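Colleague: I am new to this structure and would like a close look at one part of it. Please take the surroundings of the ligand and work outward from there.

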Amino acid sequence: MQTTTPAPLIAVENVSRYFGQVVAIKDITMSVNAGEVMCLLGDNGAGKSTLIKLLSGVYRPSEGRILVDGTEVRFASPRDALTMGIATVYQDLAMIPLMSIARNFFLGSEPTKWVPPFRRFDVKRADRITREELAKMGIQVRDTSQPVGTLSGGERQSVAIARAVYFGARVLILDEPTAALGVKEAGVVLRYIAQARARGLGVIFITHNVHHAYPIGDRFTLLNRGRSYGTFAKSEVTREEVVSMMAGGEELEALGHELEEMARQDRDNAAALATAGREFTAEARDIERDAEDRTEPTA
Ligand SMILES: Nc1ncnc2c1ncn2[C@@H]1O[C@H](COP(=O)(O)OP(=O)(O)O)[C@@H](O)[C@H]1O
Ligand SMILES: [Mg+2]
């Protein structure tokens with residue numbers, strides 16, 4: 001008998017993406033399973049956004065394969081990915097600040113009712129569903145008819161997450177959802193990520209902040225200049241190791257040498273200054289003595 005572990009919800013195998021001469025990502029292999037948070041970590045320019053744009057159907061890989069539930073797919077558009085339950089929440093969120101929370105929740109998929117001679121946006125139903133769905137994620141809003149613009153950045157992210165979950169996302173991709181947030185607000189978003197995981201979604205959480213990633217992540221994939229250092233389970237790496245890999249170990253070492261060299265130069269400079277200072281003081285004393293000699297009162 002063959003034991004079957006379920007295939008990852010989504011996976012990439014040896015994918016690369018070129019933009020002309022620019023190698024944005026090279027030979028990346030990564031996956032996310034149901035009920036886990038996969039953190040995609042890397043400094044600016046590491047290739048994080050490019051990789052998730054492959055997963056969400058915005059770009060097509062130059063090389064390599066994308067698999068959903070173990071089967072190779074070719075997304076022709078973001079709509080294809082969405083249809084397969086791959087939902088991406090971008091940092092700018094595509095929300096309309098002056099429209100209500102409920103309207104934004106249903107943006108593009110409004111529940112309508114037949115009020116002859118037109119189908120109308122069903123406000124009551126939208127309000128109720130929005131309130132219920134937000135409550136399921138532990139988000140309490142007093143009034144879903146208030147404009148989205150009155151929500152804090154963290155709350156807006158949370159509405160976007162709740163919306164993706166409601167519309168059937170199985171994989172939730174979050175591109176730097178905590179980047180623009182303060183510590184407390186980031187905490188709020190991290191809690192919703194944990195909620196999504198508890199509901200069985202696979203979450204790909206992109207960030208360059210290890211302090212946001214480490215507490216919530218189950219596995220970590222580290223990108224550095226378009227290449228992967230590999231994927232590590234939390235039990236395999238410490239927070240410090242993640243930090244060092246993100247910065248690029250060699251670069252940190254080089255920086256260490258540079259700082260040592262600067263300190264040595266500082267010591268040399270300090271010694272030279274001290275010598276100059278002593279010479280200056282001695283000379284000043286001589287000049288003073290000469291002056292005193294010249295102004296010696298004559299008897
Ligand atoms: N559309 C594009 N055309 C040319 N180069 C790109 C394009 N998108 C990304 N790149 C390059 O690919 C590299 C990775 O970028 P990106 O995926 O945005 O990194 P990250 O999201 O980790 O900051 C960068 O060097 C960037 O300049
Ligand atoms: Mg990016």
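Modeller: What follows goes from the whole chain to the ligand shell and then to one helix. This is a predicted model, in which local features need pLDDT of at least 70, side-chain atom pairs count only at pLDDT 80 or more, and totals for chains, interfaces and linings use all residues. Residues are numbered from 1 along each chain as its sequence is written, and chains are lettered from A and ligands numbered from 1 in the order in which they are written.

The protein chain has 9 helices and 12 strands (DSSP runs numbered from the N terminus: helices are H or I, at least four residues, and strands are E, at least two). Of its 299 residues, 33% count as buried, that is, with 20 or more other C-beta atoms, placed from the backbone, within 10 Å of their own.

Around ligand 1 lie F19, V22, A24, G42, N44, G45, A46, G47, K48, S49 and T50, each with its C-beta atom, placed from the backbone, within 6 Å of the ligand. Two or more residues of this shell come from each of β2 (22-32) and α1 (48-55). The largest share is that of α1, with 3 residues. By type, the shell has 4 nonpolar, 6 polar and 1 charged (nonpolar: Ala, Val, Leu, Ile, Met, Phe, Trp, Tyr, Cys and Pro; charged: Asp, Glu, Lys and Arg; polar: the others, Gly among them).

Helix α1 is itself mostly covered, since 8 of its 8 residues are buried. These are K48, S49, T50, L51, I52, K53, L54 and L55. Just after α1, G57 has a positive phi of about 85 degrees.

Terms used
Buried ≥ 20, exposed ≤ 12 C-beta atoms within 10 Å, placed from the backbone.
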